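Here are my notes on the model you sent over, written as numbered points so you can follow along in the viewer. Have the structure open while you read.

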Amino acid sequence: MQNKSSLLTLKEPDTKKKDLRRVKTHPDFWYPVAWSHEVGPGKALDVRFSGRHIVVVRPLDGLPYALDGLCPHRQVLLAKGAVCSGTLKCRGHGLTFNRDGECVSSGLAADTTSLRAKTWACREKDGLIFVFMGQQALANTISLPDFPRVRDPNYRTRRFGRVVNCHYSFMHENLMDMNHQVLHSKLVGKMKPRFLGMERGENFVEARYTFARTGGKQPLSEALIYGQRRRDGRDFAYRDVMTIRTNYPYQRLTIETQGKPDPVMDLWISYVPQDRDELTNRTFGLLSIRRLKIPLVLDIAWPLLVAFTERVFFEDREIVELEQKAWTELGGDHNIEVFPVILALRNLLLSQGISEPA
Amino acid sequence: MQNKSSLLTLKEPDTKKKDLRRVKTHPDFWYPVAWSHEVGPGKALDVRFSGRHIVVVRPLDGLPYALDGLCPHRQVLLAKGAVCSGTLKCRGHGLTFNRDGECVSSGLAADTTSLRAKTWACREKDGLIFVFMGQQALANTISLPDFPRVRDPNYRTRRFGRVVNCHYSFMHENLMDMNHQVLHSKLVGKMKPRFLGMERGENFVEARYTFARTGGKQPLSEALIYGQRRRDGRDFAYRDVMTIRTNYPYQRLTIETQGKPDPVMDLWISYVPQDRDELTNRTFGLLSIRRLKIPLVLDIAWPLLVAFTERVFFEDREIVELEQKAWTELGGDHNIEVFPVILALRNLLLSQGISEPA
Amino acid sequence: MQNKSSLLTLKEPDTKKKDLRRVKTHPDFWYPVAWSHEVGPGKALDVRFSGRHIVVVRPLDGLPYALDGLCPHRQVLLAKGAVCSGTLKCRGHGLTFNRDGECVSSGLAADTTSLRAKTWACREKDGLIFVFMGQQALANTISLPDFPRVRDPNYRTRRFGRVVNCHYSFMHENLMDMNHQVLHSKLVGKMKPRFLGMERGENFVEARYTFARTGGKQPLSEALIYGQRRRDGRDFAYRDVMTIRTNYPYQRLTIETQGKPDPVMDLWISYVPQDRDELTNRTFGLLSIRRLKIPLVLDIAWPLLVAFTERVFFEDREIVELEQKAWTELGGDHNIEVFPVILALRNLLLSQGISEPA
């Protein structure tokens, strides 16, 4: 584990000059914009990325595709239109676009061939629809993120998320900073975290923790995740390792416990900016939990686990939205960060994102 | 019919420099601000014109009049006050104004003769109350708009309208551009418009269309308007002429059908800016429909016609509000217009309205 | 009584240059921020002063205290935290602050002793909690306001107030200007005010009025306040003296009637700016009414009096919020004041408040 002073000499960003909450998401990555089930065959869905409207279209047969969400003619929201086999017809004047953005017909008594809808690279994977909003020529050179446990029969995965009213950086910081256990004490009891160390590289920061329960009882949901009931604090003391890693722009949290080769939990999460100022994000999470030895136990207990994780997410959301609200009221970042991991994470997000010229 | 290139050489406005959606309504015309029934005897009503409050007062006897809507003393909304025979008494301190805007009494222990409410020329005609918001000296030189069919016993008139959240120019363009039939296809079936040509002058643009139904059935409401049931598309093909004319600042739409001397429908419509930026308008429409030969048929079917026209208006409203929303989000006009009629109309609205200095 | 011209030569403020509605409350006074009952033992309450969050904490034992409302670490709202005996523990990361603002413990794996919460001088008196938001060194040199009748058994006091959406100056002007009786004519009948004169000094303006009822009947509530039923206008004519005094920053209204040594009514009122622009205020009022000779009559009639005063306050609120709305719409002050008392009051508020540099 590096100590604070060495970290601070490692070219920390001048956060006094650059406000992290004004740093924009780097677009040269694949970002999820919708769940597959939200865009059924013959449907079109309006989604946002950093203030831009994108329409995701799934033809009656064929792969989904993405176009600029506003009609090039008069900027009517294309998602209001109709999907006719492979094309999308605008509700305003019937301009009809194919998956290449070409206007193939219209109700206008005029030549509309010059009207093209901008196209965006689009992929579907494991129930998520991704778009690539950066330089389109790069799309094929950048890999989609991977989350193999979603397809692993030894795991069951919960897909969750919603719009959270804060800059994505608050989300990264909140998940990485396991010192906020006090927030969840009503749900999980008194947990004492022990910081095990961190690693960092050009495009990642990783922190490891272990925990001891110093008060309260283990909730049943947690026993289901760990695959074991732990009756008192001594049972629990520092036997598991939680690893949280921001690999820009995604984040991952895994829990490994003694004597098990694979993690008992593996969470992949992405925060997609919605408005132009990126002060809201839509969170997409894939939470994979390892099945227990006895079949079906996890499935039977699943609604309990869903409720438990939803409550944890609700508490986290409350805090990050308070942090965002304070930032907005104060007109800038007044955080005084003292925890080296978060300082390193802030540095990462600052250096990987897009800063507007001062 | 003029072709596109000749139109484009006819000194088209430089819409790249001037954003039509920032052009303000020219005030030197009579604008409707209320329906007569909204201002009963002894009532005062607050209305808006381009952000300004105006109070329309109808004394217990005598003609309605209009004053500035905010009390000159402390800007309390005068419409909250009480009409006492011919005067209006402010709710705040009892300052009482006559129809000439003079303060004839007050509750103040001070001289209030210097406090005058600005007066606006005001007229009532055919169930509408008009004000003249331009140079007051011009009011008597400018005619009120005329709509003789409102008084013609051969027609029945529907008065309709509401606040629509868009710049008035979107309203003009939407009504003039009959290529948007796809929007109403659920209500009226598949209608194929044929553009018959346009005329333009210093203060008007007029377009003519005819239609063929290429799919779906004629709705009953439409049969009532045309005075005839048309069983298939061939019956309908190109037998009627629809004329839409923007005679700045008003708009009119008439439908004439073969073998009838008078139009079967005559719509007069005016869009009155509400807020200072003129991004909302209150629409006032007078829709006159020619009575059928058999007496009372139109009256019996009237609720059906009201519902039909309300649904058409609802669909139009959805589109223009989407266009306005996109303009606001994008921070300016990104329309790529290809239809010559609309290019001419935009030119007209730009040249007749008030552009703010760049 | 001074006449208007002499007043106007007495160095009136240049209200054309300085907009009174942009003048901020001077912080070097004690301001009420909460009622005592809102902050029970072991509770923390978030209150506002001119846009700032303040958390008022009442330990399980001991006097209440006030800290900056946002945690110095990540600006989470401290009022969301838990009061643990004498300290306040932030909901975010468990940073725990004592009444001196020192961070005495935290869940962070880092040194947090540098994190201090700013403290604000705080006092409790007669059911109100006050803070001192100016230079803290001055707090002990400035007296809390006094309202002895709250503790006087010959009076019964109503505590009232709420957030009113206007600049505090509108509140002062509204109460001082008794020419607005027309506003309350439905509640109190037709009251004719007679202005008896004013006094002014460096930090106060005081106006005196008397009234005659020229129409309508005396409401029962008023009879309870005056301690006498007055059957006709002659009974009422000019027998009472109402004194309204703004002693910056507080305001007071007393009513004295013939033959009684003490006022029949004594109102103390304070307007506390909520948002940074000070265009909303929270009003705290202490309305003391002298008990009648017959015991318990006032107590039995109390709900009636509460309803009556609440309705008067509601009508006043409507007017001041209309005035504020007009100011906001017009983008500045367009008041044309003609009443010398209000001119003097505006001068006082301008000179005592904080004007931003032009």
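1. Let's begin with a small piece of chain C. Strand β6 (residues 87-89) of chain C lies alongside strand β7 (residues 96-97) of chain C, and the two pair in the antiparallel sense over two bridges. If you want a spot to zoom in on, find Leu88(C), which stands opposite Phe97(C) in β7(C). Please keep in mind throughout that this is a predicted model.

2. Now zoom out a little. What order do the strands take in the open sheet of chain C? Reading across, it goes β5-β6-β7-β8, four strands with antiparallel pairing. The edges are β5 (82-84) and β8 (103-105) of chain C, and each of these pairs on one side only. As background, strands of a sheet pair through backbone hydrogen bonds, either parallel or antiparallel.

3. Next, how the chains are arranged. In general, two copies of a chain are related by a rotation about an axis and a shift along it. Try it with chain A: a turn of 120° and a shift of 0.1 Å along the axis lay it on chain C with an RMSD of 0.0 Å. The two copies are thus related as by a three-fold rotation axis. Which residue of chain A comes closest to the rotation axis? That is Thr328(A), with its C-alpha at 13 Å.

4. Chain B can be treated in a similar way. A turn of 120° with a shift of 0.0 Å along the axis puts chain B on chain C, with an RMSD of 0.0 Å. In chain B, the C-alpha nearest the axis belongs to Thr328(B), 13 Å away from it.

5. On to the contact of chain B with chain C. Each partner has a stake in it: 25 residues come from chain B and 25 residues from chain C. People often give the size of an interface as the accessible area lost when the parts come together. Here chain B and chain C bury about 2100 Å² between them, and 52% of that is on carbon and sulfur atoms. On the chain B side, Arg74(B), Gln75(B) and Arg91(B) lose the most area to chain C, together 33% of what that side buries.

6. What about charges and polar groups there? There are six salt bridges across the interface of chain B and chain C. One to look up is between the side chains of Arg74(B) and Glu323(C), at 2.8 Å from N to O. There are also 13 residue pairs in polar contact between chain B and chain C. As for the make-up of the side of chain B that touches chain C, it has nine nonpolar, nine polar and seven charged residues.

7. Finally, chain A against chain C. This contact takes 25 residues from chain A and 25 residues from chain C, and the two chains bury about 2100 Å² between them, 52% of it on carbon and sulfur atoms. The salt bridges between chain A and chain C number six; in one of them, the side chains of Glu337(A) and Arg74(C) meet at 3.3 Å, N to O. Which helices of chain A each supply at least two residues of the side that touches chain C? They are α2 (168-176), α6 (297-330) and α7 (340-352), with α6(A) giving the largest share, eight residues. That side of chain A divides into twelve nonpolar, four polar and nine charged residues.

Note on methods: Residues numbered from 1 in each chain as written. Chains lettered and ligands numbered in written order. Predicted model: local features only at pLDDT ≥ 70, side-chain atom pairs only at ≥ 80, totals over all residues. Heavy atoms only, no water. Contact = heavy atoms within 4.5 Å. Buried area = accessible area lost by both parts, 1.4 Å probe. Salt bridge = Lys/Arg side-chain N within 4 Å of Asp/Glu carboxyl O. Polar contact = N/O pair within 3.5 Å; in protein donor to acceptor, adjacent residues only side chain to side chain. Nonpolar A, V, L, I, M, F, W, Y, C, P; charged D, E, K, R; others polar. Least-squares fit on C-alpha atoms with pLDDT ≥ 70 in both. Pairing = 2+ DSSP bridges.
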